[in-house]
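Trainee: Could we go through this one together? I'd like to know where the labels come from.
Mentor: Sure, pull it up and ask away.

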Amino acid sequence: MDEFWALQEVSFAVQKGKMLGVIGPNGAGKSTLLRLVGGVSNPDGGSLSVNGRVGALIDLGAGFHPDLTGRENIFVNGIISGLTRREVQQDLEAIVAFAELEDFIDSPIRTYSTGMQMRLAFAVAVHIRPEILLIDEVLAVGDLAFQQKCIERINQFKAKGCAIMLVSHDTPLVGQLCDQALWLQAGR
């Protein structure tokens, strides 16, 4: 069996307040790159340096338990992301309001649409006050008004010095939002 490297010879830096778009065809290594930066996986070789609290929107709804309510999942995901229970409690109303899920927050996640789960995941991620925000294609889900709300929040993070990585197939969106882009082709 031939050895397969998802990523090789990839080098980049994202400065505070800047946004890097990561583009390329399916299977190019984009999501793997975000998983490495997010600490979900460790590199087999090379080096990786991440300096700051990471907020990640990598796998839509990953970490949500289908039988827990939206409220319960906010606490679980907030604490897993590094917030204290008190911090989650203080931000709870703002998270629910941002996600626009007031009427459904006490229903099990399994009853949520994909768009509702995405809104809740985004709302939790942006309320952990990340210094580094990783976004994998999630802006393609949801209605246009919510997408615009997310873009506005991303711009606020950039203005406050957050470093952001956005994986997307939407090259016009990358051109609109990002300061620089990284093109991956077969993991290089």
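Mentor: Let's begin in strand β3, keeping in mind that this is a predicted model. I132, L134 and D136 point one way from β3, while L133 and I135 point the other way, and all are buried.

Trainee: What makes β3 largely enclosed by the rest of the structure?
Mentor: Buried means under 20% relative accessible area. Five of the five residues of β3 are buried, so the strand counts as largely enclosed.

Trainee: How do you know that β3 pairs with β2?
Mentor: A pair needs at least two bridges. β2 and β3, the latter covering residues 132-136, share four bridges in the parallel sense. For instance, V54 has I132 in β3 as its bridge partner, and L57 stands opposite I135 in β3.

Trainee: And which strand pairs with β3 over five bridges?
Mentor: That's β4, residues 163-167, again in the parallel sense. There, L133 stands opposite I164 in β4.

Trainee: What is the strand order in the sheet?
Mentor: It runs β2-β3-β4-β1-β5, an open sheet of five strands with parallel pairing.

Trainee: Why are β2 and β5 called edge strands?
Mentor: Each of them, β2 at 54-57 and β5 at 180-183, has a single partner strand, so one side of each is left without a neighbour in the sheet. As for the twist, neighbouring strands of this sheet are turned by 15° against each other on average, direction ignored.

Trainee: On to the helices. Why is α4 called roughly parallel to α5?
Mentor: Helix α4 (residues 114-126) and helix α5 (residues 144-159) pack at an angle of about 15°, and their axes are 12 Å apart. The cut-off for roughly parallel is under 35 degrees, so α4 is roughly parallel to α5. The crossing of α4 past α5 is left-handed.

Trainee: Which residues meet there?
Mentor: From α4 you have M118, R119, F122 and V126, and they meet F146, C150, R153, I154 and F157 in α5. The residues of this contact divide into seven nonpolar, no polar and two charged.

Trainee: What about T69: buried or exposed?
Mentor: T69 has 14% relative accessibility. The limit for buried is under 20%, so T69 counts as buried. You'll find T69 in the loop between β2 and α2 (70-80).

Trainee: What does T69 touch, leaving aside its neighbours within four places in sequence?
Mentor: T69 is in contact with I105, D106, S107, P108 and I109.

Trainee: What makes the phi of E9 worth pointing out?
Mentor: Most residues other than glycine have a negative phi. Phi of E9 is near 55°, a positive value in a residue other than glycine. E9 sits in the segment before β1 (19-23).

Trainee: How do you know that E9 is exposed?
Mentor: Exposed starts over 50%, and E9 has a relative accessible area of 70%, so E9 is exposed.

Trainee: And A186: what is its phi, and where is it?
Mentor: Phi of A186 is also positive, near 55°, in a residue other than glycine. A186 belongs to the segment after β5.

Trainee: Why does A186 count as exposed?
Mentor: Set its 58% relative accessibility against the limit of over 50%, and A186 therefore counts as exposed.

Notes: Residues numbered from 1 in each chain as written. Predicted model: local features only at pLDDT ≥ 70, side-chain atom pairs only at ≥ 80, totals over all residues. Heavy atoms only, no water. Helix = DSSP H or I, 4+ residues; strand = E, 2+ residues; numbered from the N terminus. Axes fitted to C-alpha atoms, helices over the stretch in contact; angles between N-to-C directions. Parallel < 35°, antiparallel > 145°, perpendicular 65-115°, else oblique. Left-handed = near helix turned anticlockwise from the far one by under 90°. Contact = heavy atoms within 4.5 Å. Nonpolar A, V, L, I, M, F, W, Y, C, P; charged D, E, K, R; others polar. Buried < 20%, exposed > 50% of the residue type's maximum accessible area, 1.4 Å probe, protein only.
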